[in-house]
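Reader: Could you take me closely through a single part of this model, the parallel sheet and the residues placed around it? I would like the geometry and the contacts joined into one connected account.

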Amino acid sequence: MKFKKIIPYNLKKILPILGLAGASVVTSCEKPSPYEPAPSEVDLYFDYYRSSTIFVKLYHNENDYEYMPSDLVKYYVDHPDVKNIYLVPSGNWGSMQASNILMDLRPGLQSALDYSPKIRGKGDVQFYPGSLLQSDSLWLVQNGWTVKSTSQKQH
């Protein structure tokens with residue numbers, strides 16, 4: 001008799017708990033969708049040493065080369081959900097000389113910018129005062145970057 005009184009009392013508490021546990025097991029077994037929509041805006045970071053995320057230098061021979069957008073840039077340009085691709089510099093560019101900017105950085109970035117109207121510059125580029133030609137500074141600003149001077153030169 002005592003046994004009959006204990007079971008109905010415990011069932012009143014156990015049944016809702018079992019129901020919640022069962023519902024949580026069912027929802028935890030559902031697999032997430034393999035398709036995740038692409039963002040409408042993408043930031044691609046590059047720095048003095050890792051510009052290959054934005055552009056690559058293709059050599060035809062020792063003195064003949066061209067700059068091409070990277071495969072990552074091409075991937076996002078071809079993706080229909082991506083509306084804007086921002087090229088964002090990171091780090092300190094104080095050790096870069098004006099000749100390197102004129103010969104490598106600017107033509108490489110230009111190749112990426114010319115590849116698609118989706119691509120723009122964004123963020124700050126910090127150079128040591130005097131290491132950037134005025135024409136390069138204006139070009140960077142016209143394409144969306146801001147130019148700032150850094151207080152110390154890195155070696």
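Author: What follows starts with the protein as a whole and then turns to the sheet, strand by strand and residue by residue.

The model is a predicted one, and the protein in it has four helices and seven strands, which follow one another from the N terminus in the order α-β-β-β-α-β-α-β-β-α-β. Of the 155 residues, 29% are buried, and the accessible surface comes to about 10600 Å², with 58% of that area belonging to carbon and sulfur atoms. If one takes the contacts between residues at least 6 apart in sequence, 65% of them join residues at least 24 apart.

The part you ask about is an open sheet of three strands, ordered β1-β4-β5 and paired in the parallel sense. Its edge strands are β1, residues 41–46, and β5, residues 119–121, each of which pairs on one side only, and from one strand to the next the twist averages 30 degrees. As general background, the strands of a sheet pair through backbone hydrogen bonds, and the pairing may be parallel or antiparallel. Between β1 and β4 the parallel pairing extends over six bridges, and tyrosine 45 stands opposite valine 88 of β4. Helix α2, made of residues 71–78, lies across β1, β4 and β5, and runs at about 175 degrees to β1.

Strand β4 covers residues 84–89, and asparagine 84 belongs to it. This asparagine has a relative accessibility of 16%, and because the limit for a buried residue is under 20%, asparagine 84 counts as buried. Leaving aside residues up to four places away in sequence, asparagine 84 touches Ser40, Glu41 and Val42, and also Lys118 and Arg120. With arginine 120 there is, in addition, a polar contact of 2.4 Å between the two side chains.

Tyrosine 86 is likewise found in strand β4, and its relative accessibility of 15% makes it a buried residue. With the same exclusion of residues up to four places away in sequence, tyrosine 86 touches Glu41, Val42, Asp43 and Leu44, together with Arg120, Gly121 and Lys122. Arginine 120 thus appears again among the contacts of tyrosine 86; the two residues are 34 apart in sequence, while their C-alpha atoms are 5.0 Å apart in space.

Beyond β1, in the loop that leads to β2 (55–61), lies aspartate 47, which is buried at a relative accessible area of 14%. A polar atom of the aspartate 47 side chain lies 2.6 Å from the backbone nitrogen of arginine 50, and, apart from residues up to four places away in sequence, aspartate 47 touches Ser90 and Trp93.

The aromatic residues complete the account. A search of the whole structure finds five aromatic pairs. One of them joins tyrosine 75 and tyrosine 76, whose ring centres are 5.1 Å apart and whose planes stand at 70 degrees, so that the pair is edge-to-face. Tyrosine 75 itself is partly exposed, with a relative accessible area of 48%, whereas tyrosine 86 in the sheet is buried. Elsewhere in the protein, Phe55, Tyr59, Tyr65 and Tyr67 form one aromatic cluster.

Methods: Residues numbered from 1 in each chain as written. Predicted model: local features only at pLDDT ≥ 70, side-chain atom pairs only at ≥ 80, totals over all residues. Heavy atoms only, no water. Helix = DSSP H or I, 4+ residues; strand = E, 2+ residues; numbered from the N terminus. Buried < 20%, exposed > 50% of the residue type's maximum accessible area, 1.4 Å probe, protein only. Contact = heavy atoms within 4.5 Å. Areas by Shrake-Rupley, 256 points an atom, 1.4 Å probe, with all protein chains shown as cover. Polar contact = N/O pair within 3.5 Å; in protein donor to acceptor, adjacent residues only side chain to side chain. Pairing = 2+ DSSP bridges. Axes fitted to C-alpha atoms, helices over the stretch in contact; angles between N-to-C directions. Phe/Tyr/Trp six-rings, centres within 6.5 Å; stacked < 30°, edge-to-face > 60°.
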